[in-house]
Amino acid sequence: MANGNSRGGLHGTVVPATTPPSAPPSTPPSTPPSAGPSPAPPSTPPSAVPPTAPAPGSTRTATAALLERVPDAIRPSCSDGDASRFPPSVVAVVACTPPGGFPVIYTRFVDGISMSGAYDRLLGDATITHDACGPSVPLDGRQRYKVGGKTVGDLACYESSDGDAYLTWSSEDLNIVAEAHAPLASYGRLCAWWMTAGPLHGTGAGTAA
């Protein structure tokens, strides 16, 4: 979706150990050291997994669950997407290039708040001046849309800086944001294809609200 950072390491200073001079063998210490248990060596804490790190296998499970929401005609063309463009709240990303369709990315978030924030950031550079999307209106709109008669999300249409036409839409009940693009001349075809692009809500295609 047309939605890394470097980390500096910590460098410690190595201090060489020094050996104290030995006492002359002929001179015993004036006061014997007090007897007592030797101090226990410091324990090494076990490696801790950061709370945000996914459990083994969870990423594959999340990706499989996301793919179940991708329409059958698109699913075979999908592979793991680049999650580095998104915050840690992303659960899974798949990128698809279906034959006869358009490049599309589906991204699932951990909750609705994260999804909504990411959707708004994706539209941060877009110029939105209309309340509808479609070939018959200027390419700078945003509207609600329905699936099965129920309003399920938001759809935005705009021209990117690279000159392509973009459709970006949210599925609020699924915490999914999707984005597809096409050459500007193919915007009408992109809008028609979007009607069957999903994600699947259990009923079918999306329609304008």
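Accessible areas here come from the Shrake-Rupley method with a 1.4 Å probe. The model to which they apply is predicted.

**Exercise 1. Overview of the chain**

Task: State how much area the protein chain exposes, what share of its residues is buried, and how its elements are ordered.

Solution.
1. The exposed area of the protein chain is about 12900 Å², and carbon and sulfur atoms supply 58% of it.
2. Of the 209 residues in the protein chain, 35% are buried.
3. The chain holds 3 helices and 8 strands. Read from the N terminus, their order is α-β-β-β-α-β-β-β-β-α-β.

**Exercise 2. The nonpolar cores**

Task: Determine how many residues the largest nonpolar core has, and which elements give two or more residues to it.

Solution.
1. The largest nonpolar core has 32 residues. Those with the most contacts inside it are Ile74, Tyr106, Trp169, Tyr187 and Leu190.
2. Two helices, H1 (58-67) and H3 (187-194), give two or more residues each to this core. The strands that do so are E2 (90-96), E3 (104-109), E4 (140-147), E5 (150-159), E6 (164-171) and E7 (176-183).
3. H3 supplies the largest share of this core, 5 residues.
4. Another core, of 14 residues, lies apart from the largest one and includes Phe86, Tyr158, Tyr166 and Val177.
5. For the contacts of Ile74, leave out residues up to four places away in sequence. Ile74 then touches Cys96, Pro98, Val104, Tyr106, Trp193 and Ala197.
6. As background, nonpolar side chains in soluble globular proteins tend to be buried together.

**Exercise 3. Pairing around E3 and E7**

Task: Work out which strands pair with E3, in what sense, and over how many bridges. Then do the same for E6 and E7.

Solution.
1. E2 and E3 run antiparallel and are joined by 6 bridges. One bridge sets Cys96 against Val104 of E3.
2. E3 also pairs with E7, in the antiparallel sense, over 5 bridges. Within E7, Glu179 is the bridge partner of Ile105, and Ile176 stands opposite Arg108.
3. E7 pairs with E6 as well, antiparallel over 8 bridges. Here Val177 of E7 stands opposite Ser170.
4. Now consider burial. In E3, 5 of the 6 residues are buried, and the strand is mostly covered. In E7, 6 of the 8 residues are buried, so E7 is largely enclosed by the rest of the structure.

**Exercise 4. Buried faces of H3 and H2**

Task: List the buried residues of H3 and of H2, and decide how each set is arranged around its helix axis.

Solution.
1. In H3, Tyr187, Leu190, Cys191, Trp193 and Trp194 are buried. Viewed down the axis, the buried residues of H3 fall within an arc of 165°, so they line one face of the helix.
2. In H2 (112-122), the buried residues are Ser114, Met115, Ala118, Tyr119 and Leu122. Their arc around the axis is only 130°, which puts them on the same side of H2.
3. The face of H2 turned away from that buried side carries the exposed residues Ile113 and Arg121.
4. The cover over the buried residues of H2 includes E3, E4, E5, E6 and E7.

**Exercise 5. Asp111 at the start of H2**

Task: Locate Asp111, classify its exposure, and find which backbone atom its side chain reaches.

Solution.
1. Asp111 sits in the loop between E3 and H2.
2. Partly exposed means between the 20% and 50% cut-offs. Asp111 has 32% relative accessibility and therefore counts as partly exposed.
3. At the start of H2, a side-chain oxygen of Asp111 comes within 3.4 Å of the backbone nitrogen of Ile113.
4. Leu174 is 63 residues from Asp111 along the chain, and their C-alpha atoms are separated by 8.7 Å.

**Exercise 6. Backbone details in two loops**

Task: Describe the backbone at Asn175 and the peptide bond from Gly198 to Pro199.

Solution.
1. Asn175 is not a glycine, although its phi is positive, at about 60°. Asn175 belongs to the hairpin of E6 and E7, which has 4 residues between the strands.
2. Buried requires under 20% relative accessible area. At 17% relative accessibility, Asn175 therefore counts as buried.
3. The peptide bond from Gly198 to Pro199 is cis, with omega near 5°. Pro199 lies in the loop between H3 and strand E8 (206-208).

Conventions:
Residues numbered from 1 in each chain as written. Predicted model: local features only at pLDDT ≥ 70, side-chain atom pairs only at ≥ 80, totals over all residues. Heavy atoms only, no water. Core = buried A, V, L, I, M, F, W, Y, C linked by side-chain atoms within 4.5 Å. Buried < 20%, exposed > 50% of the residue type's maximum accessible area, 1.4 Å probe, protein only. Contact = heavy atoms within 4.5 Å. Pairing = 2+ DSSP bridges. Arc of directions from axis to C-beta. Polar contact = N/O pair within 3.5 Å; in protein donor to acceptor, adjacent residues only side chain to side chain.
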